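Please look through the sequence and the coordinates below before reading on. The text then walks from a central strand outwards to its surroundings.

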Amino acid sequence: MSDLQDIKVDLDFVNKLYMLAEKTPPENADISLDDLKQLVDAIESKMYKLKTPQSGHAQKFYTSKREDSSGKFEDESVLIIDDLCIITYQLGVLYKNLGYHVTVAKDIYDAVDKYKKFKFSLVIMDLFLPTDKEGFILLEELVKLREMKSLDTRIGVITASSKLEHREVCLQKGADFYVEKTENWQKNLIEESSVK
């Protein structure tokens, strides 16, 4: 049985976990099992809070789920596009608690296919799928489909990037809002996606 101290840690993955927990990772590369346990506890605590809708936002978003004659969901459907399962799970819980029917896509092909088949009032897409190149291609395709089908879908981009040019390009290409994954980004996302 190997010594637990010899476990190698994927620092990039751990840094993403710290970002989700809105915490700062230790400055050195030596991350202990206790550090990871505390991190998991912090994420579980955040997930529990997400499962408990806050009174104001939940009421603002909630509408009953109805299907039109083609079996497609109406106004309260959201398409969440991200290649990280933890993000799609987190946002799925959040938007389900706000009354949305949630559909998830993990890549650009799946996202375009689902957008063509169903009506969505809201699309939330990560910019890096896995790079910004694919993200920009997807954004352009969704905006083009929205215009062709005369839909009023709101398209929002979420990203950990702090580059100003990313924001500018996304808004120029037709995104309705852009949210950086900084502190309280889920709250900012709810506020941005609720503006009509």
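What follows describes a strand, its partners, a helix and the nonpolar cores.

This is a predicted model, in which local features need pLDDT of at least 70 and side-chain atom pairs count only at pLDDT 80 or more, while totals for chains, interfaces and linings use all residues. Residues are numbered from 1 along each chain as its sequence is written, and side-chain values use heavy atoms, with hydrogens and water left out.

Helices (H or I, at least four residues) and strands (E, at least two) are DSSP runs numbered from the N terminus. Strand β3 is mostly covered, with five of its five residues buried, where buried means under 20% relative accessible area, exposed over 50% and partly exposed in between, for a 1.4 Å probe and protein chains only. In a regular strand the side chains alternate between the two faces of the sheet. In β3, Leu 122, Ile 124 and Asp 126 point one way and Val 123 and Met 125 the other.

Strands count as paired if DSSP finds at least two bridges between them. Four bridges join β1 to β3 in parallel, with Ile 80 opposite Ile 124, and five bridges join β3 to β4, also in parallel, with Val 157 of β4 as the bridge partner of Met 125. Together, β3, α6 and β4 make a right-handed β-α-β unit, meaning that, with the strands pointing away from the viewer, the path from the first strand over the helix to the second runs clockwise.

Helix α5 has Ile 108, Ala 111, Val 112 and Tyr 115 buried. Seen down the axis of α5, its buried residues fall within an arc of 95°, so they line one face of the helix; the arc is that of the directions from the helix axis to the C-beta atoms. These buried residues pack against β1, β2, β3 and α6.

The largest nonpolar core (buried Ala, Val, Leu, Ile, Met, Phe, Trp, Tyr and Cys residues joined through side-chain atoms within 4.5 Å) has 23 residues, and those touching the most other members include Ile 81, Val 123, Leu 142 and Val 157. At least two residues of this core come from each of β1, α5, β3, α6 and β4, and α6 gives the most, with six. Leaving aside neighbours within four places in sequence, Leu 142 is in contact (heavy atoms within 4.5 Å) with Ile 81, Tyr 115, Val 123, Met 125 and Ile 155. Apart from this core lies another, of 17 residues, among them Tyr 100, Leu 122, Ile 158 and Ile 190.
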